[in-house]
Amino acid sequence: MFVRAMVQNRQGEPLRLTTLAQPVPGPRQALIKVETCAVCRTDLHVVDGELPDIPYPVIPGHQVVGRVATATKRSPPVGARVGVPWLGFTCGKCDDCRRGMENLCDEARFTGYTLPGGYAEYLAVDERFCLPVDDQCDAVATAPLLCGGLIGYRALTMTGEAQRVGLYGFGAAAHILAQVLNHQGKSFYAFTRPGDLAAQALARELGAHWAGDSDTRPDQPLDAAIIFAPVGSLVPTALSHVRKGGIVVCGGIHMSDIPSFPYEILWGERQLRSVANLTRRDGIEFLTIAAAADIHARTRVFPLEQANQALEQLRSGRITGSAVLRVHEPAAASD
Ligand SMILES: [Zn+2]
Ligand SMILES: [Zn+2]
């Protein structure tokens with residue numbers, strides 16, 4: 001049996017629609033029939049060769065909603081709806097894995113980067129790394145929760161009790177996190193690339209206290225800032241926007257170099273940190289909150305074979321919300 005996938009054979013080339021043999025799951029792997037796969041900025045970093053040691057040919061995509069086609073003893077059963085996130089394998093034995101920080105495991109492997117991704121009709125995944133998702137969920141609206149939503153949630157947990165939170169880059173991750181902040185009764189400020197009126201309008205629609213260009217100062221100092229845009233110059237900007245004791249979290253896997261900045265904007269016990277990957281516990285916690293808070297991603301749907309167009313629209317800032325590839329029509333559990 002053959003499957004269709006969008007494959008990049010070499011750095012710098014576009015993805016090509018390719019027919020491959022259906023993946024054969026290994027001993028501890030389940031086979032997933034992909035319904036949807038959301039497009040993440042990290043997919044752009046993969047396609048642009050900005051992450052180290054990409055094993056070509058590479059199939060991107062790490063926000064998969066699908067159903068189990070072939071189960072293992074420990075995986076969800078055949079027909080169960082699952083989400084496949086970025087973290088696709090950890091060793092389970094190192095110090096980081098044992099202290100609940102599997103996101104930092106040196107042996108970790110990642111879906112759609114060092115493991116095959118979801119821009120494909122079928123995907124073999126580690127039985128431990130399929131997250132349960134609601135059987136009745138909308139596969140299009142749920143897929144963007146699996147990275148943008150999850151990473152945003154992990155970044156938010158780093159900001160402690162912050163009540164006024166700045167979001168720098170108001171795209172896939174931020175527009176989901178905005179709904180979590182509303183649910184928690186916190187206020188958010190949305191900073192977009194200058195002139196991105198569509199993103200600013202979406203932020204206001206989602207209840208932003210303020211939305212505007214990233215080079216504008218907020219009306220009062222923020223308690224915390226989360227930077228989603230891969231733009232290093234936003235680090236000093238965000239530091240200069242937070243109060244003494246405030247926290248700035250960098251949420252992306254890749255960022256342009258951070259320019260030097262005066263020590264006084266870090267002084268006053270401000271903290272600067274990054275968030276890396278996710279843990280399965282984050283996934284289960286966040287999906288529970290997302291269901292309780294009725295969180296929905298705003299999406300634009302593309303067929304699998306238009307993955308290049310989806311990536312280009314994301315790159316040029318023409319996607320408001322999240323781009324999602326539809327791979328298979330949703331199937332009933334009994335299929
Ligand atoms: Zn480990
Ligand atoms: Zn991602």
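Just after helix α6, the residue G207 takes a positive phi of about 100°, a value read from a model that is predicted. The helix that precedes G207 runs over residues 197-205, and following its two sides is a good way to enter the structure.

On one side of α6 lie A199, L202 and A203, which are buried. They share that side because they cover an arc of only 100° around the axis of the helix. What is found on the other side of α6? There the residues L197 and E205 are exposed, whereas A199, L202 and A203 are buried, a word that here requires 20 or more other C-beta atoms within 10 Å of a residue's own.

The buried residues of α6 also have partners elsewhere in the chain, for they pack against the helix α5, which spans 172-183, and against two strands, β11 at 187-192 and β12 at 210-213.

Stepping back from α6 to the protein chain as a whole, the reader can count 9 helices and 17 strands in its secondary structure. Of the 335 residues, 49% count as buried. Among contacts between residues at least 6 apart in sequence, 68% join residues that are at least 24 apart.

The overall dimensions complete the picture. Taken along the principal axes, the C-alpha atoms of the protein chain fill a box of roughly 60 × 40 × 40 Å. How does the radius of gyration relate to what a compact globule would have, and what is its value? For 335 residues a compact globule would have a radius of gyration near 20 Å, and the protein chain, with 19 Å, agrees with that expectation.

Definitions and conventions:
Residues numbered from 1 in each chain as written. Chains lettered and ligands numbered in written order. Predicted model: local features only at pLDDT ≥ 70, side-chain atom pairs only at ≥ 80, totals over all residues. Buried ≥ 20, exposed ≤ 12 C-beta atoms within 10 Å, placed from the backbone. Helix = DSSP H or I, 4+ residues; strand = E, 2+ residues; numbered from the N terminus. Arc of directions from axis to C-beta. Contact = placed C-beta atoms within 7 Å. Rg over C-alpha atoms; globule rule 2.2 N^0.38 Å.
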